[in-house]
Amino acid sequence: MYRDTVLPRVLEQIVNCRDAIAQYYLMDCIIQVFPDDYHLQTLDVLLGACPQLQPSVDIMTVLSRLMERLSSYAALNAEVLPYFLQVEAFSKLNNAIGKVIEAQEDMPILSAVTLYSSLLKFTLHVHPDRLDYADQVLGSCIKQLSGKRKIDDSRATKEIVTLLSAPLEKYNDVVTALKLTNYPLVLEYLDSETKRVMATVIIRSIMKNNTLIATAEKVEALLELISGLINDLDEPQGLEVDEDDFEEEQNSVARLIHMLYNDDPEEMFKIISILKNHILTGGPKRLKFTVPPLVVSALKLIRRLPVEGDNPFGKEASVSATKIFQFLNEIIEALPNVPSPDLAFRLYLQCAEAANKCDEEPIAYEFFTQAYILYEEEISDSKAQVTALQLIIGTLQRMHVFGVENRDTLTHKAMGYSAKLLKKPEQCRAVYGCSHLFWLEGHEAIQDGERVLRCLKRALKIANSAQQMTSAARGSTGSVTLFIEILNKYLYFYEKGIPQITVGTVESLIQLIKNEESMTSEPSAESFFASTLRFMEFQKEKGGAIGDRYEEIKV
């Protein structure tokens with residue numbers, strides 16, 4: 001009775017009244033009053049009246065409410081889902097929306113996008129397994145947008161963001177959204193600023209759901225979607241971006257890079273190669289955020305590779321440590337021009353250490369050479385030089401891959417840099433730090449007690465010079481802190497059993513500190529020296545071979 005008599009006569013009255021307010025109210029009444037299953041079985045009749053309504057009727061709200069009711073009905077009654085397919089609810093709604101838009105030629109773009117946004121939400125709730133339906137909705141939306149070069153209505157832009165966010169919210173999986181071929185095409189209609197917003201939404205979805213993107217093809221598709229954040233080729237000139245927002249966006253891209261992963265080395269190398277191609281188009285401001293995580297991903301891949309002796313293809317393999325190191329060199333070379341020479345300097349040292357673990361001496365030497373060049377040419381601030389030199393010494397001390405000639409060259413350079421530091425205390429600390437370069441435990445080839453002693457004596461000489469300069473400038477005895485620091489180095493090497501570090505040497509240094517300390521009153525130095533003496537007593541009480549060595553020292 002409802003299908004054959006009631007609904008047709010009511011719709012006839014609504015269409016014939018030609019009053020926009022009455023038509024909107026009465027259509028809304030039909031949707032809200034009659035049961036959901038009635039609507040489902042009479043969709044074609046109800047939707048057939050929509051294009052005949054007055055152009056000023058808010059048909060967008062009418063159809064949106066109808067789809068919301070049907071979505072809720074499907075959500076509460078899972079057993080009716082097959083019937084939605086049987087009556088072809090999606091096709092009928094999609095066709096009806098198309099006819100309504102066609103009938104209202106001057107329909108605002110906002111209304112058209114909102115209709116398709118509602119249809120997409122309906123589709124995702126009722127037919128979540130039918131990606132083809134979702135893609136069809138996006139395709140229909142593109143047809144409506146195709147004549148628009150630029151969308152000026154900010155509300156329409158927000159609605160497109162809502163439309164594109166719906167699949168992410170439903171599936172909690174960007175990989176599923178990447179299967180929608182029309183998804184990136186809709187994205188193209190957004191302006192640069194809104195593309196960045198949408199890219200941030202996509203990245204947040206990936207991070208929230210810990211989604212791993214595991215194939216090169218999917219990575220390529222994803223990077224195209226978030227291109228608004230990773231490259232500035234299409235960015236309008238003069239577009240000002242808040243610095244804090246920019247940093248937050250780029251940090252999110254950096255975190256995303258760690259979510260692009262595959263256990264297969266060949267596929268992973270393809271992924272990082274694709275990343276490199278996109279990241280290097282990012283412009284100077286972005287590289288300092290995006291290059292470090294890419295370098296880390298490449299270094300992780302190197303650690304997972306089989307040792308070349310176990311790899312039947314060796315360096316000829318499609319993915320080898322040598323190829324990845326070449327890849328790393330190309331990326332880091334872009335950084336000094338950013339300018340981020342300090343960042344490039346640190347990354348070169350990290351790569352050198354990775355090459356050391358792979359027993360790649362020429363590659364490790366080349367990375368160290370690049371780091372030294374940056375130190376000499378780009379790092380001029382005295383504090384930055386001190387920090388950089390500490391990194392050089394710390395990294396070089398752990399390197400065991402170098403032959404005698406290469407190691408001597410690099411060590412000599414580091415010693416030279418130490419002597420050229422501006423302040424005497426910094427010189428002293430750098431020189432006694434270099435003593436570690438001549439004694440590497442477990443490697444007899446890198447154990448030279450004579451050169452260790454030479455470094456410590458040179459450090460003492462510089463400390464004495466620094467104290468004299470302080471005395472001449474201020475008329476008082478300078479600090480003995482440097483002497484105590486050097487004493488601690490002597491004790492460290494004494495424990496290691498270096499024959500050149502004798503009991504007499506340690507005792508004479510202790511006596512020197514006591515004499516100097518009696519001439520100055522410096523609480524921090526006194527406390528430091530007292531702690532050192534307590535440590536020596538503790539080592540004596542501990543006993544064993546080390547305890548016996550400390551027993552020989554008479555304080």
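In this predicted model, the buried residues of helix H1 are Tyr2, Leu7, Leu11, Ile14 and Val15, and these buried residues pack against helix H2, helix H3 (36–41) and helix H4 (43–48). Helix H1 itself runs over residues 2–17; it has 16 residues and reaches 21 Å from its first C-alpha to its last, which is close to the 22 Å expected at 1.5 Å a residue. Just after H1, Arg18 takes a positive phi of about 55 degrees, and helix H2 then occupies residues 20–33.

Two packed helices are described by the angle between their axes and by the distance between those axes. For H1 and H2 the angle is about 160 degrees, and the axes lie 8 Å apart. Since angles over 145 degrees count as roughly antiparallel, H1 and H2 are therefore roughly antiparallel to each other, and their crossing is left-handed. On the H1 side the contact is made by Tyr2, Leu7, Val10, Leu11, Ile14, Val15 and Cys17, while H2 contributes Ala22, Gln23, Leu26, Met27 and Ile30. Sorted by character, the residues of this contact comprise eleven nonpolar, one polar and no charged.

Val10 deserves a separate look, as a residue of helix H1 that takes part in the contact with H2. Is Val10 buried, exposed or partly exposed? With a relative accessible area of 33%, Val10 is partly exposed, because buried means under 20% and exposed means over 50%. Looking further along the chain, Val10 and Leu76 are separated by 66 residues in sequence and by 29 Å in space, taken from C-alpha to C-alpha.

Terms used
Residues numbered from 1 in each chain as written. Predicted model: local features only at pLDDT ≥ 70, side-chain atom pairs only at ≥ 80, totals over all residues. Heavy atoms only, no water. Axes fitted to C-alpha atoms, helices over the stretch in contact; angles between N-to-C directions. Helix = DSSP H or I, 4+ residues; strand = E, 2+ residues; numbered from the N terminus. Parallel < 35°, antiparallel > 145°, perpendicular 65-115°, else oblique. Left-handed = near helix turned anticlockwise from the far one by under 90°. Contact = heavy atoms within 4.5 Å. Nonpolar A, V, L, I, M, F, W, Y, C, P; charged D, E, K, R; others polar. Expected span 1.5 Å × (residues − 1). Buried < 20%, exposed > 50% of the residue type's maximum accessible area, 1.4 Å probe, protein only.
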